Amino acid sequence: MDGPDLSLHARARAVAVSGAALGIAAALGPFGLVLRVNRIARGEAVSLFSAFGPWGVALVACWAIVAVLALSSAPLRMRGIVGSLAAGAAPVLALWQAGSVAARYTLQAGDLARVSLGAGFWLTVAASYIAIFAATAWLKRSVVRGLVAYGPFAAVAALLASGALSSLGIVREYANNAEAFAKQMNLHVAYVGVSVLAGLVLGLALGLLAARKPATEPVVFGALNVLQVLPTLAFIGLLYPVLTDLSRRVDLFAAVGVHGVGWAPVVIVLSAYAVYPIARNTHAAFVSLEPAVIDAARGIGMGPASVLAEVELPLAAPVILAGLRVALVQSTAGAIIAGLVGGGGLGTFVFLGASETASDLILLGVLPIVALGLAFDRGLTAVETALTLWREPA
């Protein structure tokens, strides 16, 4: 018997089978890869199954293993480990074979030819995530669970390092823009860092103010709500005349590059968006603290500053970190707008690729943004978990 978590395991079975079905559909669907005679040509779409030859059978077999295991009565640990490995192997195998197809096609059609990853490949990645998410529900939290869940990332890194993907369209776009990519990546990370740091300072102050002075809460969060719902482009448009006028009137602003377009409106807008989740979580964390704990700290002679720094902030940290995580992920995605208003960053590749209808160039900007967002989310989630465990009594 599966025990008290039967409903959880039953749901995991349904999710795993759904992921496997999506993976098989993605392998057989007509848009697995796109073969182009040059980077902007419309190209010919082919299925992963037909493009990979015998390896296409292996790809479908991975999904069949996931489905059969999910429906079987095999031990939960076996289902979790083998199911996760099979689901993780599918996108790695697809990527490896896409690199092989790209090498052969480029050799045949010339250096201008491109092989791009199509919808079928990205659906394979989505199916893998769904199936691994379900299969790891059959495993207890352990090193093994972490290895099977994150192993595909290591395999993709190994493929990149080996040069097996060097003929793929997106990798060739990277090779052609390596120097510019490093510069724009650094700029993108700088936008995120500066805006979230400003959001953290303001968010902590406003959240604490709203918690300490309840009468200010409607004003604080009313104003932040208005900023939060402003569309990004409209926000930048509202700032344009203000910043343009400032740069004309104040030489210092003009000297440091504050203009209606460029880095200044991007930093202001991203900082404004970052304030809300941090302020909201700071307020929620402080108002939910046990009054008895605060009274006990005061009772042993601790002053207001000591109570705040040594008692309240450590206890509130996991909830505040959750707000910081949201702000980081939100800013990482939002910084793409800098590419549209002359501020640079990874959005430069996205909008340039869109103007040239070069899908690989668009992906060169989008994929690092997704990777950064996931890294921030997973990293801060791990810190939140560690802090929560530290707070709990042994």
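**Pockets, burial and helix faces in a predicted model**

Me: Which helices each supply at least two residues of the lining of the largest pocket?

Reply: Helix H4 (76–109), helix H5 (119–135), helix H6 (143–162), helix H7 (169–176) and helix H16 (359–391) each do so. Helices here are DSSP runs of H or I with at least four residues, strands are E runs of at least two, and both are numbered from the N terminus. This is a predicted model, in which local features need pLDDT of at least 70 and side-chain atom pairs count only at pLDDT 80 or more, while totals for chains, interfaces and linings use all residues. Residues are numbered from 1 along each chain as its sequence is written, and side-chain values use heavy atoms, with hydrogens and water left out.

Me: What makes a space a pocket rather than a cavity?

Reply: On a 1 Å grid over the protein atoms alone, a cavity is a set of points where a 1.4 Å probe fits but cannot get out, whereas a pocket is an open set with protein on both sides within 12 Å along at least five of seven lines. Lining residues have an atom within 4 Å of a point. The largest pocket is lined by 43 residues, and Tyr 129, Ala 149, Tyr 150, Phe 153 and Leu 374 lie nearest its centre. H16 provides the largest share of that lining, 13 residues.

Me: How is the volume of the largest pocket defined, and what is its value?

Reply: Grid points are joined across faces, edges and corners, and the volume is the space filled by probe spheres set on the points; for the largest pocket this comes to about 2100 Å³. The second largest pocket holds about 220 Å³.

Me: How do the two linings divide by residue class?

Reply: Ala, Val, Leu, Ile, Met, Phe, Trp, Tyr, Cys and Pro count as nonpolar, Asp, Glu, Lys and Arg as charged, and the others, Gly among them, as polar. On that basis the lining of the largest pocket has 33 nonpolar, six polar and four charged residues, while that of the second largest pocket has six nonpolar, no polar and four charged. The second lining includes Arg 212, Asp 295, Arg 298 and Glu 312, and H13 gives the most to it, with four residues.

Me: Is Ser 331 buried or exposed, and how do you know?

Reply: Buried means under 20% relative accessible area, exposed over 50%, and partly exposed in between, with a 1.4 Å probe and protein chains only. Ser 331 has 2% relative accessibility, so it counts as buried. Ser 331 belongs to helix H14 (residues 304–334), and apart from neighbours within four places in sequence it is in contact (heavy atoms within 4.5 Å) with Val 192, Ser 195, Val 196, Leu 270 and Ala 274.

Me: Which accessibility class does Ala 190 fall in, and why?

Reply: Ala 190, found in helix H8, has 36% relative accessibility and therefore counts as partly exposed.

Me: Why are the buried residues of H15 said to line one face?

Reply: In helix H15 (residues 347–356), Gly 347, Phe 349, Val 350 and Gly 353 are buried. Seen down the axis of H15, these buried residues fall within an arc of 160°, so they line one face of the helix; the arc is that of the directions from the helix axis to the C-beta atoms. Just after H15, Thr 357 takes a positive phi of about 50°.
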